[in-house]
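Trainee: I'm new to this structure. Could you pick one single part, look at it closely, and then lead me outwards from there?

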Amino acid sequence: AQLAGLLPSLSHWPWRDPRPSEAVPALRTDVPSTAAPHDTREPVMTPTPAAAPTLPDLVVLSHLRWPWVWQRPQHLMSRLATQRTAHGARTWFVEEPITADVDSPRLGTEQVDGLTRVWLELPADPGHTPRSVHHPLDHGFEEPAAADYSRLLLAELERAGRAARDVWVYTPMAMELAQSLDGDLLVYDVMDDLASFKDAPQGLVLGQRRLLAEADVVFTGGPSLHRGITRQRGEGVHLFRSGVETGHYAA
């Protein structure tokens with residue numbers, strides 16, 4: 001009823017009410033022990049080398065930066081980082097490259113919210129065409145200038161002394177980097193169908209097809225997204241809905 005005035009402009013959406021078998025009841029989950037942005041507690045520290053790992057490290061490749069809006073990747077990864085830390089493993093949140101005051105490509109890292117942020121710093125390039133006027137220093141995983149990312153990232157992971165790793169991907173443009181990490185498990189969490197965005201580059205469309213074909217497990221964030229991705233991949237797509245952080249909103 002509230003959207004009645006907008007219905008004509010939404011007529012192109014293939015919407016239908018969910019069937020009873022598709023309805024998923026809300027599930028109550030425990031609030032994570034890691035520090036959230038609104039939390040004043042000290043963040044959980046990474047395990048010492050003496051910890052005996054029983055889980056592999058988790059390497060997350062994201063087109064969103066950790067300090068930006070606290071949304072699906074931050075909610076999920078802060079919880080998974082807590083879980084991995086308890087088992088002696090680390091979580092690495094790998095972001096897209098950025099222009100910085102450096103002479104050659106190098107990694108930047110930061111310990112935050114119980115995990116390790118990683119990004120590639122690139123020298124300024126006068127020929128670089130910004131993808132966005134709002135983020136003129138940002139580069140994509142796929143750009144030729146970021147060719148050293150896999151080598152530097154693998155070296156950083158090796159310095160941490162861990163060979164076993166799972167890889168979790170949020171953007172098809174990170175497919176090449178994901179493959180170079182040689183993870184035991186490849187996860188694709190489709191929080192947005194980036195390949196269906198207006199004017200999406202052909203590389204993004206092809207990358208998504210390849211990622212959907214090669215991922216060991218695929219998650220989607222909503223019913224309509226789940227239906228669309230299932231049509232592309234077939235089996236092995238799991239609906240993992242967004243939720244409400246009750247501990248936060250109860251305040």
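Mentor: Gladly! Let's begin at Asp113, which sits in the loop joining strand 4 (106–112) to strand 5. Strands here are DSSP runs of E with at least two residues, helices are runs of H or I with at least four residues, and both are numbered from the N terminus. Please keep in mind that this is a predicted model, where local features need pLDDT of at least 70, side-chain atom pairs count only at pLDDT 80 or more, and totals for chains, interfaces and linings use all residues. Residues are numbered from 1 along each chain as its sequence is written, and side-chain values use heavy atoms, leaving out hydrogens and water.

Asp113 is not a glycine, yet its phi is positive, near 50°. Its relative accessibility is 12%, so Asp113 counts as buried (buried means under 20% relative accessible area, exposed over 50%, partly exposed in between, with a 1.4 Å probe and protein chains only).

Now step into strand 5, where you will find Arg117. Arg117 is buried because its relative accessible area is 10%. Leaving out residues up to four places away in sequence, Arg117 touches Trp66, Pro67, Phe93, Glu95, Gly108, Thr109, Glu110 and Val112 (a contact means heavy atoms within 4.5 Å). Trp92 is 25 residues away from Arg117 along the chain, and their C-alpha atoms are separated by 6.0 Å.

Strand 5 (115–122) also leads us to helix 1, whose buried residues pack against strands 1, 2, 5, 6, 7 and 8. Helix 1 covers residues 72–86, and its 15 residues reach 22 Å from the first C-alpha to the last, close to the expected 21 Å (1.5 Å times one less than the number of residues). Among its buried residues are Leu76, Met77, Ala81 and Thr85. An α-helix has 3.6 residues a turn, so residues three or four places apart point the same way. Just after helix 1 comes Gly88, with a positive phi of about 80°.

Ala81 belongs to a nonpolar core of 15 residues, which also includes Phe93, Trp168 and Tyr170. (Such a core is a set of buried Ala, Val, Leu, Ile, Met, Phe, Trp, Tyr and Cys residues joined through side-chain atoms within 4.5 Å.) That core lies apart from the largest one, which has 32 residues; Leu61, Val94 and Tyr149 are among those touching the most other members. Tyr149 has Val94, Leu107, Val118, Trp119 and Leu120 among its contacts beyond four places in sequence. In soluble globular proteins, nonpolar side chains tend to be buried together.

For a companion to our starting point, look at the loop between helix 3 (175–180) and strand 7, where Asp182 lies. Asp182, also not a glycine, has a positive phi of about 50°. Asp182 counts as exposed because its relative accessible area is 62%. In that loop you also find Gly183, which is partly exposed at 32%. Setting aside neighbours within four places in sequence, Gly183 is in contact with Arg165 and Val167. The C-alpha atoms of Gly183 and Val59 are 8.6 Å apart, with their positions 124 residues apart in the chain.

Finally, the wider view: the chain has six helices and nine strands, and 41% of its 251 residues are buried. Of the contacts with a separation of 6 or more, 62% link residues 24 or more positions apart.
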